[in-house]
Amino acid sequence: KIAKMAALLQNMVEGFTSEVAQLNNALVFRDFDIHEPTNANLLASVAKEVAVLEQALVSIKSYLDSEAEAIVQTKSLLETTELQKAKLEHMKENLPPRLPGPRSKEPLEKSEVTETKKSKSAPDKAKTKKKSKKDSKAELLSLIKKIEPVLVDEFKEVPKYIKGRLSREHVNTAADAIYEALKAKYTILGTTRAKLGDHQMSKYTAYKEAEDNSLQDTVFIVENDLRELTTFKLDSAGRASLTVLRHLGRIREHRGGGFVRYVPQ
């Protein structure tokens, strides 16, 4: 578009130059007798050329005015774009480490899960019996999801006596630690025992000892899992973070057999 406008302007300038040249040639004869028919015709031609020139000048002026207006609009657009760019860069540099993701579907209640499994296995009980423990643990691994981060408004609603001087960041760090511990734990449980080393086998045994019949279709961790599988510290602040997560419904506690189990919701 710019090249087209430039070519149009160049044509106008060339036409203007040509008309000026003709006018200069005509002025050479300004001392001629205007009553002479030949000279009268020449002057009439000059007047016509001048009129054409004036019209060309009007067109050029109109074109230049429109271009000047376009330059002003372009400058305004450029300023707006630069301002928007600065805002986006500021947002990029100050993004929080955690952003809430899409809401996941509500999980089935345990009774619904049990009934669903029964209905699927009813036609062929033999296949149900043949289902390996590895497959069961692999299914549990697929159920592990990241715990939704605690948002600002949620954290403000937590009573002061529960959160004390805790920061929201520390609570979300605890949520991340639970997720990492769950992944590591059920990765080991989903591995064939023949492929486990001595260290992993000892973990496997500890995980089995912490299991409870009421949590067969549920993933969970205990405090020792957090210590061994993550760098999260279970000091007073760490325990308070778990309390906040429980208060907000991110996790629930299950006690029994000498274990305190943390179950993500």
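**A tour from His-254 to the three-stranded sheet**

Leaving aside neighbours within four places in sequence, His-254 is in contact with Asp-212, Ser-214, Leu-215, Phe-259, Val-260, Arg-261 and Val-263. Please note that the model on display is a predicted one.

Keep His-254 selected and add Ser-214. The side chains of these two residues make a polar contact at 3.0 Å. Is His-254 buried or exposed? His-254 is buried, because its relative accessibility is 15% and the cut-off for burial is under 20%.

Next, display residues 251-256. This segment is strand 2, and His-254 belongs to it. Extend the selection to the whole sheet: three strands, arranged in the order 1-3-2 with antiparallel pairing, form an open sheet. Strand 1 (221-222) and strand 2 are at the edges, and each has a single partner strand, so one side of each is without a neighbour in the sheet.

Now select strand 1 together with strand 3, residues 259-264. The two strands pair in the antiparallel sense over two bridges. Which residue of strand 3 stands opposite Ile-221? The residue to select is Tyr-262.

Tyr-262 leads to the next stop, Glu-223. Not counting residues up to four places away in sequence, Glu-223 touches Tyr-262, as well as Leu-234, Arg-239 and Val-260. Val-260 is also among the contacts of His-254. Colour residues 223-229 to show helix 10, in which Glu-223 lies. Glu-223 has a relative accessible area of 18% and is therefore buried, the limit being under 20%.

Note on methods:
Residues are numbered from 1 along each chain as its sequence is written. This is a predicted model: local features need pLDDT of at least 70, side-chain atom pairs count only at pLDDT 80 or more; totals for chains, interfaces and linings use all residues. Side-chain values use heavy atoms; hydrogens and water are left out. Helices (H or I, at least four residues) and strands (E, at least two) are DSSP runs, numbered from the N terminus. Buried means under 20% relative accessible area, exposed over 50%, partly exposed in between (1.4 Å probe, protein chains only). Contact means heavy atoms within 4.5 Å. A polar contact is a pair of N or O atoms within 3.5 Å; within protein, one must be able to donate a hydrogen and the other to accept it, and residues adjacent in sequence count only if both atoms are side-chain atoms. Two strands pair if DSSP finds at least two bridges between them.
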